[in-house]
Amino acid sequence: MPVSRHIRRLVATALAAGAVVTASALPAGAHDGNGRHDRDRYGVVVSGVQHSGPGRDARSNRSLNAEWVEVRNTGRHSVDLRGWTLTDSDGNRYRFRNVRLDGRSSVRVHTGHGRDTRHDVYQDRGYQVWDRRDSATLRDDRGRVVDEDSWGRDRGFDGDRRDRDGGFDRDRRDRDRGYDGDRRDRDRGDDRR
């Protein structure tokens, strides 16, 4: 075997090995096409939603703060949420300021006004954000989708991730029982058909 052919093979092998090492060192994309987001990287998920706060006065601060989205850190290590955003399907956006989410803890993002704490932060809005059919998208400080949660009849469930992951199809169960309306109407015994 001539020396030049041997050297070419060695160079090709080295380049191939370098390409493999480089590809494995690159960070995974925010959404890899298989439905996975960066939640695997961070361990942070949208874990609960209370949409359309209860009460007749939808613009009262009490009613606005009864509407919230819960963000949970499922990992053991704390995650700095500074610069992260939470948006609805209409484009309303909340940007996290000084929030460090400890491992295995959560924070509720309320719609109305209030004083931020470790477990409750406030968007300081004067109107409801989360609709009966909506989605909450959580993005990291680089704009990559970390997690998203949708609810409403079009998606086959009406509630938070725990209900969906637990195998409950609330809309189907409600139809079987003859309910038509949201959970608060059903819990009060109202049937608003």
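Which residues are linked with Glu70 in a network of salt bridges? Hi everyone, that is where I'd like to start today. Glu70, Arg72 and Arg108 are the members of that network.

A quick word on what we are looking at. This is a predicted model, in which local features need pLDDT of at least 70 and side-chain atom pairs count only at pLDDT 80 or more, while totals for chains, interfaces and linings use all residues. Residues are numbered from 1 along each chain as its sequence is written, and side-chain values use heavy atoms, with hydrogens and water left out.

Now, the salt bridges. The term means a side-chain nitrogen of Lys or Arg within 4 Å of a carboxyl oxygen of Asp or Glu. By this rule the model has five salt bridges. In our network, Glu70 pairs with Arg72, with 3.8 Å between the closest N and O atoms. Glu70 also pairs with Arg108, and there the closest N and O atoms are 3.5 Å apart. That second pair links distant parts of the chain: Arg108 sits in strand β7 (residues 105-110) and Glu70 in strand β2 (residues 68-73), 38 residues apart. Strands here are DSSP runs (E, at least two residues; helices would be H or I, at least four), numbered from the N terminus.

Are these residues buried or exposed? Buried means under 20% relative accessible area, exposed over 50%, and partly exposed in between, using a 1.4 Å probe and protein chains only. Glu70 has 6% relative accessibility, so it counts as buried. Arg72, at 27%, is partly exposed, and Arg108, at 30%, is partly exposed.

Here is another salt bridge for you to find. Asp102 and Arg118 meet with 2.5 Å from N to O. Asp102 lies in the loop between β6 (100-101) and β7, and Arg118 in the loop between β7 and β8 (120-122), 16 residues apart. Asp102 is partly exposed at 29%, whereas Arg118 is exposed at 57%.

Let's move to the sheet. Two strands pair if DSSP finds at least two bridges between them. Strands of a sheet pair through backbone hydrogen bonds, either parallel or antiparallel. In this model, an open sheet of four strands runs in the order β1-β2-β7-β8, with mixed pairing. β1 and β8 are at the edges with a single partner strand each, so one side of each has no neighbour in the sheet.

β1 and β2 are antiparallel over six bridges, and Val45 stands opposite Arg72 in β2. By contrast, β7 and β8 are parallel over three bridges, with Arg108 opposite Asp120 in β8. So two residues of our network turn up again here.

Finally, the inside. A nonpolar core is a set of buried Ala, Val, Leu, Ile, Met, Phe, Trp, Tyr and Cys residues joined through side-chain atoms within 4.5 Å. The largest one has 22 residues, and Leu81, Trp84, Leu86, Phe96 and Leu138 touch the most other members. Two or more residues each come from β1 (44-50), β2, β7, β9 (134-139) and β10 (145-151). The largest share, three residues, is from β1. Six of the seven residues in β1 are buried.

What does Leu86 touch? Counting contacts as heavy atoms within 4.5 Å, and setting aside residues up to four places away in sequence, its partners include Val46, Val69, Phe96, Val109 and Leu138. Thanks for listening!
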